[in-house]
Amino acid sequence: MSDEDHMAAAMAEAEAAAARGEVPVGAVLVGGDGQVLAREGNRIVERRDPTAHAEMLVLRAGAEALGNERLMGTTLYVTLEPCAMCAGAISLARVARVVFAAEDEKGGAVLHGPRFFAQATCHHRPSVARAGDGARAGEMLKAFFRARRS
């Protein structure tokens, strides 16, 4: 499967999260062999857990599936640029590659904010790429928050 296919699966998880009343962010973790290890959307409200970001959930599930806290050779697909918490976890897990759709100028930590992977204190730097329809992912988020404000 291609980056676009995996990102489409992440978008489906984001849509499912929105349907549950969660911020619409989805993630898919793929092993080095191309096998999907985990896919999930945000579950912060449902679990009453501020760390239940889609990225964190798939990292935990991937570690369980592999029986190892090191996710060497994996690729993480996520619909939104990861925040500082998620970027830190991605680095600690040794994810090889991060692919995201929409930039997050306010809360992102890869291209924006602390630029976590560029810091000297970051011990593992995954490669970073873009895929999917960033405009669509961004619009899904804007629509979600617009509906909450009205």
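Phe116 is partly exposed in this predicted model, its relative accessible area coming to 24%. Its ring partner Phe117, by contrast, counts as buried at 8% relative accessibility. So what sort of pair do Phe116 and Phe117 form? An edge-to-face one, with 6.0 Å from centre to centre and 85° between the planes.

That is one of two aromatic pairs in the count. The other joins Phe144 and Phe145, again edge-to-face, with 5.2 Å between centres and 85° between planes. Here Phe144 is buried, with a relative accessible area of 10%, while Phe145 is partly exposed at 35%. Phe144 has further company: the charged end of Arg148 sits over its ring, 3.9 Å from the centre.

Side by side, the pairs look like this:

| Aromatic pair | Geometry | Centre to centre | Angle between planes |
|---|---|---|---|
| Phe116 and Phe117 | edge-to-face | 6.0 Å | 85° |
| Phe144 and Phe145 | edge-to-face | 5.2 Å | 85° |

Now for the sheet. Five strands make up an open sheet with mixed pairing, in the order E2-E1-E3-E4-E5. Strand E2 (36-41) and strand E5 (127-130) stand at the edges; each has a single partner strand, so one side of each is left without a neighbour in the sheet. On average, neighbouring strands are turned by 15° against each other, direction ignored.

At the E5 edge, the pairing with strand E4 (residues 97-102) is parallel and runs over four bridges. Which residue of E5 is the bridge partner of Arg97? That would be Ser127.

Helix H3 (residues 54-66) packs on this sheet, where it touches strand E1 (26-30), E2 and strand E3 (75-80). The direction of H3 makes about 155° with that of E2.

Then there's the core. In soluble globular proteins, nonpolar side chains tend to be buried together. In this model the largest nonpolar core has 43 residues, and those with the most contacts inside it are Leu59, Leu71, Leu76, Ile90 and Val95. Which elements give two or more residues to this core? They are helix H1 (3-19), E1, E2, H3, E3, helix H4 (84-93), E4 and helix H5 (134-149).

Leu59 is a good residue to click on. Leaving aside residues up to four places away in sequence, Leu59 touches Leu71, Ala89, Ile90, Ala93 and Val95. Among these partners, Leu71, Ile90 and Val95 are also listed with the most contacts inside the core.

Technical notes:
Residues are numbered from 1 along each chain as its sequence is written. This is a predicted model: local features need pLDDT of at least 70, side-chain atom pairs count only at pLDDT 80 or more; totals for chains, interfaces and linings use all residues. Side-chain values use heavy atoms; hydrogens and water are left out. Rings of Phe, Tyr and Trp (its six-membered ring) pair if their centres lie within 6.5 Å; planes under 30 degrees apart count as stacked, over 60 as edge-to-face and the rest as tilted. Buried means under 20% relative accessible area, exposed over 50%, partly exposed in between (1.4 Å probe, protein chains only). A charge sits over a ring if NZ of Lys or CZ of Arg is within 6 Å of the ring centre and within 35 degrees of the ring normal. Two strands pair if DSSP finds at least two bridges between them. Axes are lines fitted to C-alpha atoms, for helices over the stretch in contact, and angles run from 0 to 180 degrees between N-to-C directions. Contact means heavy atoms within 4.5 Å. A nonpolar core is a set of buried Ala, Val, Leu, Ile, Met, Phe, Trp, Tyr and Cys residues joined through side-chain atoms within 4.5 Å.
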